[in-house]
Amino acid sequence: MNLLTVENLSKSYGELVLFSNISFGINKDQKIALIAKNGSGKTSILNIISGKDSTETGQVTTRKGIKISFLEQEPDLNPKLTVEETIFDSGNEILSVIARYEEAVQQPDDQEAFQKAFEAMERFQAWDFETQYKQILFKLNLNELDKKVGVLSGGQKKRLALANALINKPDLLILDEPTNHLDLEMIEWLEDFFKKENITLFMVTHDRYFLERVCNEIIELDNNQLYSYKGNYSYYLEKREARLEREAVEQHKDKLLFKKELDWMRRQPKARTTKSKSRIDDFHEIKSRASKRRQEHQVQLELNMERLGSKIVELHKVSKSFGDNIMLDKFDYSFTKGERIGVIGKNGTGKSTFLNILTGREPSAGGKIVIGDTVKFGYYTQKGIAPKEGQKVIDVIRDYGDFIPLKKGRQISAQQLLERFLFDRKKQYDFVEKLSGGERKRLYLCTVLIQNPNFLILDEPTNDLDIVTLNVLESFLLDFPGCLIVVSHDRYFMDKIVDHLFVFLGNGVIEDFPGNYSDYRSYESSKLLEEREEKSGNKEKSEKQHWKQKDNTGKLSYTEQKEYNRLEKEIQQLEDQKQTLQEKFTDATLSGDEINQLSIELGELEQAIDTKTERWFELGAQLEG
């Protein structure tokens with residue numbers, strides 16, 4: 001069933017054409033991601049189809065009666081309301097159902113009105129509404145329900161807007177970078193939520209694991225053309241590569257044909273026949289095709305960094321707290337050359353505080369930090385760039401000099417450097433405030449890297465960057481010879497870049513884990529299973545020792561006890577199958593269809609594990625009771 005149709009949309013700002021005459025449709029139960037480079041108009045498309053912006057040509061047609069929710073990058077919330085009041089001010093249809101039911105309860109004589117209200121409560125499953133919205137707020141770490149929106153951070157506001165969108169249960173949910181400002185645990189919860197819910201999604205996201213596990217279709221906007229891929233991210237990568245190879249072959253043929261026709265044009269007399277005029281017209285079309293160039297620039301980064309000495313950074317019993325909230329508790333660590341550390345943990349556990357103390361932006365409450373003489377920090381913060389009023393892109397770079405030193409005594413101009421960061425000569429003279437969010441982040445990254453740091457600290461570097469830029473940044477960081485610390489909720493990025501993790505567990509506890517994020521999650525899963533088995537073993541031992549004092553029937557029936565024991569074995573078998581299935585993804589010879597089928601099987605397997613684990617906990621709770 002079609003929910004929304006886009007026909008011949010166009011959008012431009014002055015001479016800058018973002019897109020023109022693009023068309024696509026969104027059907028029920030589709031989970032579609034829109035992929036494009038920064039500055040291509042992704043957010044503009046979302047704003048147009050959600051009704052927040054207008055189109056210059058074409059139209060957006062929505063199915064009558066459908067409910068659409070839109071999660072913006074910077075949500076517009078009433079600052080005077082509390083967190084809970086914001087939920088009740090959302091216009092949610094369930095709230096109207098609850099209000100009508102409460103009115104009916106106050107009028108017991110009107111049985112017909114009460115019956116209708118009761119049936120509506122059943123139909124909308126409104127009895128558990130309070131439990132539902134509080135569960136979602138809790139999962140998104142919004143526990144202070146009476147806190148005013150005006151004092152929330154930008155990330156908290158984004159999470160509150162996301163909670164509102166999920167609670168509204170729309171027919172179509174439009175999301176602009178939904179994983180920004182979520183910690184890793186929240187992102188994984190959101191993935192599971194979208195996999196279980198029958199909800200139609202249209203989103204822009206750079207989170208490649210999210211694309212892999214949630215989406216069943218990807219639309220790519222490339223050089224003003226839309227390409228649709230009916231599969232997840234792995235399928236998209238394979239098919240996109242095949243498309244680019246086909247286009248390269250076609251362009252080569254066009255060039256050969258152009259050369260042949262050019263020779264013919266040069267031999268032609270001035271007096272031409274009607275037939276030759278037709279061929280001349282064809283020639284101009286061939287020329288246009290042959291001269292077409294793909295805009296596949298890549299960010300090229302070269303650093304003239306100073307070599308690190310034997311002493312880099314040493315932390316001796318460093319402590320920090322805010323009131324009763326402990327961030328660091330006598331933390332000791334000495335960095336070595338070439339270290340690549342990922343920093344993970346829930347929001348508020350002290351990750352950014354740690355980076356600020358390390359770089360001297362914030363004082364510690366105790367301990368000592370020793371920094372080597374040759375260390376030069378490059379710190380990419382979440383705040384991003386703070387341009388002066390009326391400042392142009394080129395001026396931001398010229399603040400660091402007209403010429404930038406590179407390796408081997410070479411240098412390049414500020415203009416050349418910006419071109420390497422995908423800002424063409426025309427774009428360099430745009431005002432910074434006109435740049436898209438991703439373009440601003442790319443410019444800020446440029447200003448950090450051109451200072452030639454040898455100790456690079458990146459706090460959420462992947463937010464708002466397009467996938468092309470992310471791939472190039474990853475390639476650069478893999479070759480970066482200095483020390484690297486990355487705080488990121490992008491699991492794909494972390495898996496590719498880091499060697500070990502600082503896991504911030506809260507209350508000043510920091511665990512040094514030897515592996516990347518996926519390694520850590522596998523370890524945590526195995527630890528959970530071990531605890532589950534140990535718990536089960538203790539129960540069996542206890543039951544054997546005290547069977548005389550216990551009522552043998554317990555709180556589980558015979559059938560339930562058998563089910564409980566059977567579930568443990570089945571969950572372990574399914575976990576083993578999941579591990580085997582995940583290992584198959586590393587096979588480089590897999591076709592797109594095979595990858596797609598494996599993804600479907602993995603999703604079904606994870607669903608089965610969740611269902612059986614939930615039932616296992618339910619029976620276990622009865623045993624404990």
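This is a guided tour of one predicted protein model, with a selection to make at each stop.

**Whole chain**

Start with everything shown as a cartoon. The chain has 625 residues, and 46% of them count as buried. Its secondary structure comes to 19 helices and 20 strands. Among contacts between residues at least 6 apart in sequence, 68% join residues at least 24 apart. Switch on a surface if you like: the accessible area is about 33200 Å², and 47% of that belongs to carbon and sulfur atoms.

**Stop 1: residues 2-27**

Select strand β1 (residues 2-13) together with strand β2 (residues 16-27). The two pair in the antiparallel sense over 8 bridges. At the hairpin end, Y13 stands opposite L16 in β2. There are 2 residues between the strands, and G14 takes a positive phi near 65°.

**Stop 2: residues 42-51**

Next select helix α1, residues 42-49. Is this helix largely enclosed or largely exposed? It is largely enclosed by the rest of the structure, because 7 of its 8 residues are buried. Show side chains for K42, S44, I45, L46, N47, I48 and I49, which are the buried ones. Then move on to G51, just after α1, where phi is positive at about 90°.

**Stop 3: the largest nonpolar core**

Select L137, L140, L160, L166 and F194 as sticks. Of the 54 residues in the largest nonpolar core, these touch the most other members. Helix α6 (residues 154-167) gives the largest share of this core, 7 residues. The core draws at least three residues from each of two domains: domain 1 (1-67 + 170-231) and domain 2 (79-167). Colour the two ranges separately to follow this.

Now centre on L166. What does L166 contact, leaving aside its neighbours within four places in sequence? The contacts are I136, L173, W189, L190, F193 and F194. Apart from this core lies another, of 44 residues, including L443, L449, I450 and M494.

**Stop 4: N224**

Select residues 217-229. N224 is in the loop between β8 (217-222) and β9 (225-229). Phi of N224 is near 65°, a positive value in a residue other than glycine. N224 counts as partly exposed because its relative accessibility is 27%, and partly exposed covers the range between under 20% (buried) and over 50% (exposed).

**Stop 5: the sheet of β10, β11 and β13**

Select residues 313-334 and 366-371. Here is an open sheet of 3 strands in the order β11-β10-β13, with antiparallel pairing. The edge strands are β11 (325-334) and β13 (366-371), each pairing on one side only. From one strand to the next, the twist averages 20°. Strands of a sheet pair through backbone hydrogen bonds, either parallel or antiparallel, so a display of backbone atoms is useful at this stop.

Take the β10-β11 side to begin with. These strands run antiparallel and are joined by 6 bridges. S321 stands opposite I326 in β11. β10 and β11 form a hairpin with 2 residues between them, and G323 in the turn has a positive phi of about 65°.

On the other side, 5 bridges join β10 (residues 313-322) to β13, again antiparallel. For a reference pair, label E314, which stands opposite V370 in β13.

Before leaving the sheet, label K330, which is found in strand β11. K330 has a positive phi of about 50° although it is not a glycine. Is K330 buried or exposed? At 56% relative accessibility K330 counts as exposed, because the cut-off for that class is over 50%.

Add helix α11 (residues 351-358) to the view. This helix lies across β10, β11 and β13, running at about 130° to β10.

**Stop 6: D459**

Finish at D459, which is found in strand β17 (residues 455-459). D459 counts as buried because its relative accessibility is 3%, and the cut-off for buried is under 20%. Which residues is D459 in contact with, leaving aside neighbours within four places in sequence? They are S352, L355, Y379, Y380, T381, Q382 and V487. S352 and L355 lie within the residue range of helix α11, 351-358, so keep that helix displayed from the previous stop. To end, draw a distance between the C-alpha atoms of D459 and T381: the two residues are 78 apart along the chain, and the separation is 5.1 Å.

Conventions. Residues are numbered from 1 along each chain as its sequence is written. This is a predicted model: local features need pLDDT of at least 70, side-chain atom pairs count only at pLDDT 80 or more; totals for chains, interfaces and linings use all residues. Side-chain values use heavy atoms; hydrogens and water are left out. Two strands pair if DSSP finds at least two bridges between them. Helices (H or I, at least four residues) and strands (E, at least two) are DSSP runs, numbered from the N terminus. Axes are lines fitted to C-alpha atoms, for helices over the stretch in contact, and angles run from 0 to 180 degrees between N-to-C directions. Contact means heavy atoms within 4.5 Å. A nonpolar core is a set of buried Ala, Val, Leu, Ile, Met, Phe, Trp, Tyr and Cys residues joined through side-chain atoms within 4.5 Å. Buried means under 20% relative accessible area, exposed over 50%, partly exposed in between (1.4 Å probe, protein chains only). Domain bounds come from an automatic or database domain assignment. Accessible areas come from the Shrake-Rupley method with a 1.4 Å probe; for residues, only the protein chains shown count as cover.
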